[in-house]
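Welcome! Let's take a friendly walk through a protein model, one feature at a time.

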Amino acid sequence: MQIKQMAFDKLANSMRLYSEVCFKFDQLKLVDIEEAVNNLDRAVEMKLESLHGLYDVTKDQFEYFKYADTSLLILIRNAIHHKDHLLFRSWNAEMFLDDG
């Protein structure tokens, strides 16, 4: 149970950190837009990685691929994680860093 609790705690923490980054985004973008966008993108990646960690330790108890939302999140995480393509770029990066 301890490893599952650790994975769940990591996911909860990443969700809190994501909220903090979102809260600070508008203020930081006035000073350094690239930093603001990259912080937000890394926070999203951290949430996906944390969810995948929870998936790894609980996949025998919960059918993640039975549900569209959890399936999609795992597939997106895997695609972003392997970084062997240029398919995924955040909306913020497209809009703020590349002049929309």
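This report begins with the whole chain and then turns to a pair of helices and a single residue.

## How sure is the model?

What you see is a predicted model, so a good place to begin is the predictor's confidence, which is given for each residue as pLDDT on a scale from 0 to 100. Averaged over the protein, pLDDT is 91, and 96% of the residues score at least 70.

Which elements have the lowest and the highest mean pLDDT? Helix α4 (residues 91-97) has the lowest, at 81, while helix α1 (residues 2-31) has the highest, at 96.

## The overall picture

If you look for secondary structure, you will find 4 helices and 0 strands. Reading from the N terminus, the order of elements is α-α-α-α. The C-alpha trace spans about 45 × 30 × 20 Å along its principal axes.

The protein has 100 residues, and 24% of them count as buried. About 7300 Å² of the protein is exposed, with carbon and sulfur atoms supplying 60% of that area. Now take the contacts in the protein with a separation of 6 or more: 60% of these join residues 24 or more positions apart.

## Where two helices meet

Two packed helices are described by the angle between their axes and the distance between the axes. Here, the axes of helix α2 (residues 33-58) and helix α3 (residues 68-82) come within 9 Å and cross at roughly 115°. The crossing of α2 past α3 is left-handed.

Which residues make up this contact? From α2 come Glu45, Leu48, Glu49, Leu51, His52 and Tyr55; they meet Leu73, Ile74, Ile76, Arg77, Asn78, Ile80 and His81 of α3. Sorted by class, the contact of α2 with α3 has 7 nonpolar, 3 polar and 3 charged residues.

## A closer look at Leu11

Leu11 sits in helix α1. Is Leu11 buried or exposed? Leu11 counts as buried because its relative accessibility is 12%, and the cut-off for buried is under 20%.

Which residues does Leu11 touch, leaving aside its neighbours within four places in sequence? The contacts of Leu11 are Lys47, Ser50, Leu51 and Leu54. One of these, Leu51, also appears among the α2 residues that meet α3.

You can also follow the chain from Leu11 to Val21, 10 residues apart in sequence. The C-alpha atoms of Leu11 and Val21 are separated by 15 Å.

Notes: Residues are numbered from 1 along each chain as its sequence is written. This is a predicted model: local features need pLDDT of at least 70, side-chain atom pairs count only at pLDDT 80 or more; totals for chains, interfaces and linings use all residues. Side-chain values use heavy atoms; hydrogens and water are left out. Axes are lines fitted to C-alpha atoms, for helices over the stretch in contact, and angles run from 0 to 180 degrees between N-to-C directions. Helices (H or I, at least four residues) and strands (E, at least two) are DSSP runs, numbered from the N terminus. A crossing is left-handed if the near helix is turned anticlockwise from the far one by less than a right angle, and right-handed if clockwise. Contact means heavy atoms within 4.5 Å. Ala, Val, Leu, Ile, Met, Phe, Trp, Tyr, Cys and Pro count as nonpolar, Asp, Glu, Lys and Arg as charged, and the others, Gly among them, as polar. Buried means under 20% relative accessible area, exposed over 50%, partly exposed in between (1.4 Å probe, protein chains only). Accessible areas come from the Shrake-Rupley method with a 1.4 Å probe; for residues, only the protein chains shown count as cover.
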